[in-house]
Every structure is written in structure tokens, then in C-alpha cells.
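Subject: Handover of a structure and findings

Dear colleague,

Please find below the structure that I am handing over to you. I should be grateful if you would read the notes that come after it.

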Amino acid sequence: GGCRAGKWEPMFDRRIARRTGAVRDRVAHDFQAINIDFGGDPGGVAFGSDQGVFMKNVSDADMRTNLRLVSGNGDMSNNIIMHPSIAMGEEPHTRYLVTALWDWGPVASWDNGTHWPSWQTPDDGSALGFFGEGGGCFGVGRSVYSLCIHHHNVARSSRGGKNFSRFVVPNGASVGAPAFARRAGSR
């Protein structure tokens, strides 16, 4: 980062949501390598992390004033999908997908996986902000129900992943994957 008025400011990666245009700045972390003089630029530095590869912005003459990192990821995603929930969508012929993943936390798609806007609008309802990274999500057969489970958190949606309700298991217990029984003749 850089020192501004006696305070250290972090370098960051900017993400812009497709549906709402909302801007979210994230600080890359979990660095695996710091490459000095990256690309032959004096002062150029690249950071390899679980979130991708980011380069210090050297477009400023003094190379110190712009803290926004340049993303070297393009349209690539390096997130690891843990377990997706696939549920019937509210629109005809759509499936809602919700997954807990590493390294940015849960994400959701309301258009068969074409885009991953997650919970951006009031209609999307409550998100899984309490999950962090890890856990797993589960569809409940051919239905509109979705479950997501991580440690002591159990989240349930009757809208395919929109508007989750949260249940916290008491006494420090941890919850595993659900077990389902198929009704005779249901398939």
C-alpha cells in the first residue's frame, strides 16, 4: 500500500456488479508470492494470491499515488466451488445456483449460471454474509428449496437461494451434509 497523511492505506482490486453497477473494493490477501520489478517496469510489483494475480499500478509518474491494483485475471476465476445447490427458479426454464466457494465466499446465479450477481437487489433478499469461505450448498430434489451449511450455520431458502433464513446450531455443535431419502416412485 502507501502512506497517506501518516496512515497506511492498502492496495485494492475493484469489482463492478453487472446488474446494479455497484462498486466493491476488495483487498487481495493470502499472498503466495511477491514479484519485484514485475514485467521489467521499475517499481512494478506483482502479487500472487488465492484471489488471482494483481499488479501494482505504475501509471502514475511517481508510482505511489494510485492504490488500485491492476487485475491480471481477465474473465478467469480461480475460486474453488465447494458444493452447489441447483434449485428450480421462479421464472420458467431457469435454475438458481448457489454455492459456497473459496476464496470470496458464497455466490449465486439467477440465470442458469450465465452471470453470478449474488444478492444485489431487494428482491434477492438475505444473503449468506455469515458464511465466509467453505461449507456446502444443497438442492432439495426438483424443488425451489436450497440449503447451505457451514460449521454451525444452516441457511434455508424457499426461493431457490433468494432470501435465506439462518439457523445457528446451539452449544458449539457442527452440522454436516444432509441425508435425503427418495420417495418410492418419485423417479
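The notes below cover a sheet, a disulfide, two residues in loops and a pocket.

This is a predicted model, in which local features need pLDDT of at least 70 and side-chain atom pairs count only at pLDDT 80 or more, while totals for chains, interfaces and linings use all residues. Residues are numbered from 1 along each chain as its sequence is written, and side-chain values use heavy atoms, with hydrogens and water left out.

The sheet

An open sheet of 4 strands follows the order β12-β13-β14-β15, and its pairing is antiparallel. Its edge strands are β12 and β15, each of which pairs on one side only. On average, neighbouring strands of this sheet are turned by 20° against each other, direction ignored. For that angle, axes are lines fitted to C-alpha atoms (for helices over the stretch in contact), and angles run from 0 to 180 degrees between N-to-C directions. Strands (E, at least two residues) and helices (H or I, at least four) are DSSP runs numbered from the N terminus; two strands pair if DSSP finds at least two bridges between them. In general, strands of a sheet pair through backbone hydrogen bonds, either parallel or antiparallel.

Between β12 and β13 there are 4 bridges, and the two strands run antiparallel. In this pairing F138 stands opposite L147, and C137 stands opposite C148. The hairpin of β12 and β13 has 6 residues between the strands, and G141 there takes a positive phi near 60°.

Strand β13 (residues 146–150) is joined to β14 by 5 bridges, again in the antiparallel sense. Here C148 faces A155 of β14, and I149 stands opposite V154. These two strands form a hairpin with 2 residues between them. On the other side of β14, 4 bridges link this strand to β15 (residues 165–168), also antiparallel; R156 is placed opposite S165 there.

As to burial, 5 of the 5 residues of β13 are buried, so this strand is largely enclosed by the rest of the structure. Buried means under 20% relative accessible area, exposed over 50%, and partly exposed in between (1.4 Å probe, protein chains only). S146, C148 and H150 point one way from β13, whereas L147 and I149 point the other way. In a regular strand the side chains alternate between the two faces of the sheet. Strand β14 (residues 153–157) is mostly covered, with 4 of its 5 residues buried.

The disulfide

The count comes to 1 disulfide, defined as a pair of cysteine sulfur atoms within 2.5 Å. It joins C137 to C148, with an S to S distance of 2.2 Å. C137 lies in strand β12 (residues 136–139) and C148 in strand β13, so the pair ties together parts that are 11 residues apart in sequence. The torsion about the S-S bond of C137 and C148 is about 110°, so the disulfide is right-handed. Both C137 and C148 are buried.

Positive phi values in loops

S118 is a residue other than glycine with a positive phi, near 60°. Its place is in the loop between β11 (107–109) and β12. With a relative accessibility of 11%, S118 counts as buried. H151, likewise not a glycine, has a positive phi of about 55°, and H151 is located in the loop between β13 and β14.

The second largest pocket

The second largest pocket has a volume of about 330 Å³. The residues closest to its centre, out of the 10 that line it, are V140, G141, R142, A181 and R182. By class, the lining has 3 nonpolar, 3 polar and 4 charged residues. Ala, Val, Leu, Ile, Met, Phe, Trp, Tyr, Cys and Pro count as nonpolar, Asp, Glu, Lys and Arg as charged, and the others, Gly among them, as polar. A pocket is found on a 1 Å grid over the protein atoms alone, as an open set of points where a 1.4 Å probe fits, with protein on both sides within 12 Å along at least five of seven lines; lining residues have an atom within 4 Å of a point. Grid points are joined across faces, edges and corners, and a volume is the space filled by probe spheres set on the points.

Yours sincerely
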